[in-house]
Structure formats: C-alpha cells, structure tokens
Amino acid sequence: MAEIRNIVILTGAGISAESGIDTFRAEGGLWEQHKVEDVATPEGFARDPDLVLRFYDMRREAIQTKRPNPAHDALARLDEHWEGNLLIVTQNVDDLHERAGAKRVLHMHGTHLNAWCTACDAKNPWTGTLADRPPCPACGTNALRPDVVWFGEMPYEMERIYSALRTADLFVSIGTSGAVYPAAGFVRDARSLGARTLELNLERSQGSGWFDESRQGRASELVPEWVDTLLDK
Ligand code: BJW
C-alpha cells in the first residue's frame, strides 16, 4: 500500500442502509414504493409538486433521526489520519458522513438539508417541510425545491470529481449498485487513468467486473477492516 497517496472514495445508499435509511433498488426500497419518473425527475416535479415535496419532506425528516454507522465512522477516521489527498464523493443526500466527522466530502447528488430557490438560486440550509411552500429566506419567493439532483439534471461539482480521479492512485466504491451515471462510470475513468480499483458492496453490483477487486459483505464490517489495513493498524 506504500505507493498509495491519492484516494477517491465513491459512496452510495448501501453505506447508510445499516443506519436505517432505505436504499433505492432493493426489494422494498424507495423505487419499489414510488415510481422514479414521478418523484426523481424535473418532469415529475412539474406534474405533481405536492407529491414530490411530500416525498422529500418525509425523507428529510427521517434522516434527522438516523445515526452514522461504523462504516461512516471508519471513513471519518481515514479522513482524519490520511495525509495524502482524499475525496469522499457521495451520491447520498443524507449527512451521515459529516455527522461521523468526515470533512473531505462532496455531495454529487445534492443534500436533503438544503432548499434550493429556483427564483434567486440561493441554497438555504433546511430541516423542516417544503410541502407548505415556505418563502425563500433570501428573496421571499415561494419557489423552493429540494436541493437534489434528479434524472436528466447535471450532478454537482463534476470538474472537481474528474480532477480528483485524474490523480487518484486508488478508487474505492462502497455500497452502490452501479446503475446510475455518471457515478457508475467513475471506476472505468479511474482505471483508465491508472488507479487501482476496489469495490466494497453487499453483493456483486452492475459494475463489479470493472474493478480490480470486489469484496462482498456489509459496509459496517468491510469498511472498518479496509480502513484499518490502509492505516496499518
Ligand atoms: C450494501 C448494504 C450494506 C445494501 N453494505 N452494501 C443510458 C445510459 C447511461 C446513462 C443514461 C442513460 N439514460 C439516461 C442516463 C443518465 C441517467 C442515468 O444514469 N440513468 C440510468 C437509470 C441509466 N443519469 C442522470 O440523468 C444523471 N445526470 C446526468 O447524467 O447528467 C448528464 C451528464 C453528462 C456527462 C457528465 C455528467 C453528467 C443524474 C442522476 C441523478 C440520480 N439521482 C438519484 C436521486 C437523488 C435524490 C434522492 O435521493 O432522491 O440519486 S437516483 C438514486 O440513484 C440516487 C442515488 O444517489 C443513485 C444511485 O443509487 P445507489 O446509491 O447506487 O443505491 P442503490 O439502491 O441502487 O444501490 C445500493 C447498493 O448498496 C446495492 O448494490 C446493495 O447491494 C448495496 N447495499 N446494503 C454494503 N449494508
């Protein structure tokens, strides 16, 4: 491991599953309970904003009752002690990485805890409801929506992500099905740029074949084990 200095970690819903937050594509997951096109597209929002705002209100309220699990804790420990470059790119809209103490975190699909004003573009910290159409604290317009990235929208901070991938020695994917692009393509990007690639997931994912190594198991076990090895404890 001595040659590894720059690490990019991609996390998905699987890392928060053991904290009690639903994943998307599992049996009984969010997409079994709701049609993706109704709740996670700009078209769905335009068609039925009440449904979409209620869906996100429910999830925003739920995440505030959840706690980080040993996988989040382990990544926070890695962030604290790793002297090289490190970027945790999360697809998750919860704040469990931050609540575990991680600092070098980028939310490529946005966050439940911001409300985005489509009138003035302000990103307002938000913990309450949006379904009752509150005014934007910055401009007063009733044009707030969840600050999350829906299908057909551009994920956040792609330049920063690709820049980190370009210099990565190690790319690690944790708890993601590899079903959603561009995140699903990062393993190929990283690999073609010379990084070693490792997957930690409950089961084989759609992208497993692209990784140098794929380990199956619960994130709460695999991630602390991997971090211990990396920090040589
Ligand atoms: C455990 C575990 C435990 C369980 N331990 N593991 C055709 C081909 C290619 C692309 C496209 C295409 N047609 C359209 C596209 C583009 C589209 C796309 O990818 N569509 C696919 C369906 C094909 N993508 C987009 O539109 C994106 N934008 C875009 O592409 O812009 C253009 C662009 C061009 C060039 C460069 C850059 C951009 C936007 C995608 C937005 C996704 N948004 C969502 C909703 C966010 C808000 C919300 O939370 O509601 O993001 S969808 C949903 O999926 C959410 C997630 O972040 C994302 C990924 O899901 P994730 O995290 O992988 O969860 P699951 O449930 O799928 O998997 C969980 C995994 O954990 C499983 O494998 C379990 O086994 C595992 N697990 N317990 C370890 N304890």
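# Briefing: rings, cores and a ligand site

Both Phe 55 and Tyr 56 are buried. The model they belong to is predicted. Tyr 56 turns up again below, in the aromatic pairs and beside the ligand.

**Aromatic rings**

- The model holds six aromatic pairs.
- Phe 55 and Tyr 56 make an edge-to-face pair. Their ring centres are 5.0 Å apart, and the planes meet at 85°.
- Tyr 56 also pairs with Trp 150. Here the centres are 6.2 Å apart and the planes stand at 55°, so this pair is tilted.
- That second pair links distant parts of the chain. Tyr 56 sits in helix α5 (residues 49–63). Trp 150 sits in the loop between β6 (144–148) and α8 (158–167). The two residues are 94 residues apart.
- Trp 150 is buried, and so is Tyr 56.
- One aromatic cluster takes in Phe 45, Phe 55, Tyr 56 and Trp 150.

**Charges over rings**

- Arg 145 places its charged end over the ring of Trp 150, 3.8 Å from the ring centre.
- Lys 123 places its charged end over the ring of Trp 116, 5.4 Å from the ring centre.

**The ligand site**

- The ligand is surrounded by 35 residues. The closest are Tyr 56, Arg 59, Thr 176, Ser 177 and Tyr 181.
- In the side chain of Tyr 56, an N or O atom is 2.6 Å from an oxygen atom of the ligand.
- His 109 has a polar side-chain atom 2.8 Å from an oxygen atom of the ligand.
- Gly 175 uses its backbone: an N or O atom there lies 3.3 Å from an oxygen atom of the ligand.

**Nonpolar cores**

- The largest nonpolar core has 26 residues. Ile 9, Leu 75, Leu 78, Ile 174, Val 223 and Trp 226 touch the most other members.
- Six elements each give two or more residues to this core: β1 (7–11), α6 (70–81), β2 (86–90), β7 (170–174), β8 (196–201) and α10 (219–230).
- Helix α10 gives the largest share, six residues.
- Another core, of 20 residues, lies apart from it. Its members include Trp 31, Ala 40, Val 52 and Leu 130.
- Ile 174 has contacts beyond its neighbours within four places in sequence. Among them are Ile 9, Leu 10, Ile 15, Leu 75, Leu 200, Ala 219 and Val 223.

**Two buried acidic residues**

- Glu 199 lies in strand β8. Its relative accessibility is 1%, so Glu 199 counts as buried.
- Two polar contacts tie its side chain to serines. The side chain of Ser 208 is at 2.5 Å from that of Glu 199. The side chain of Ser 214 makes a polar contact with that of Glu 199 at 2.7 Å.
- Beyond neighbours within four places in sequence, Glu 199 is in contact with residues including Ser 173, Thr 176, Phe 211, Arg 215 and Gln 216.
- Glu 199 and Trp 150 are 49 residues apart along the chain, and their C-alpha atoms are separated by 25 Å.
- Asp 79 is found in helix α6. With a relative accessibility of 6%, Asp 79 counts as buried because the cut-off is under 20%.
- Leaving aside neighbours within four places in sequence, Asp 79 is in contact with Leu 86, Ala 102, Lys 103 and Arg 104.

Notes: Residues numbered from 1 in each chain as written. Predicted model: local features only at pLDDT ≥ 70, side-chain atom pairs only at ≥ 80, totals over all residues. Heavy atoms only, no water. Core = buried A, V, L, I, M, F, W, Y, C linked by side-chain atoms within 4.5 Å. Buried < 20%, exposed > 50% of the residue type's maximum accessible area, 1.4 Å probe, protein only. Helix = DSSP H or I, 4+ residues; strand = E, 2+ residues; numbered from the N terminus. Contact = heavy atoms within 4.5 Å. Phe/Tyr/Trp six-rings, centres within 6.5 Å; stacked < 30°, edge-to-face > 60°. Lys NZ or Arg CZ within 6 Å of the ring centre and 35° of its normal. Near = heavy atom within 4 Å. Polar contact = N/O pair within 3.5 Å; in protein donor to acceptor, adjacent residues only side chain to side chain.
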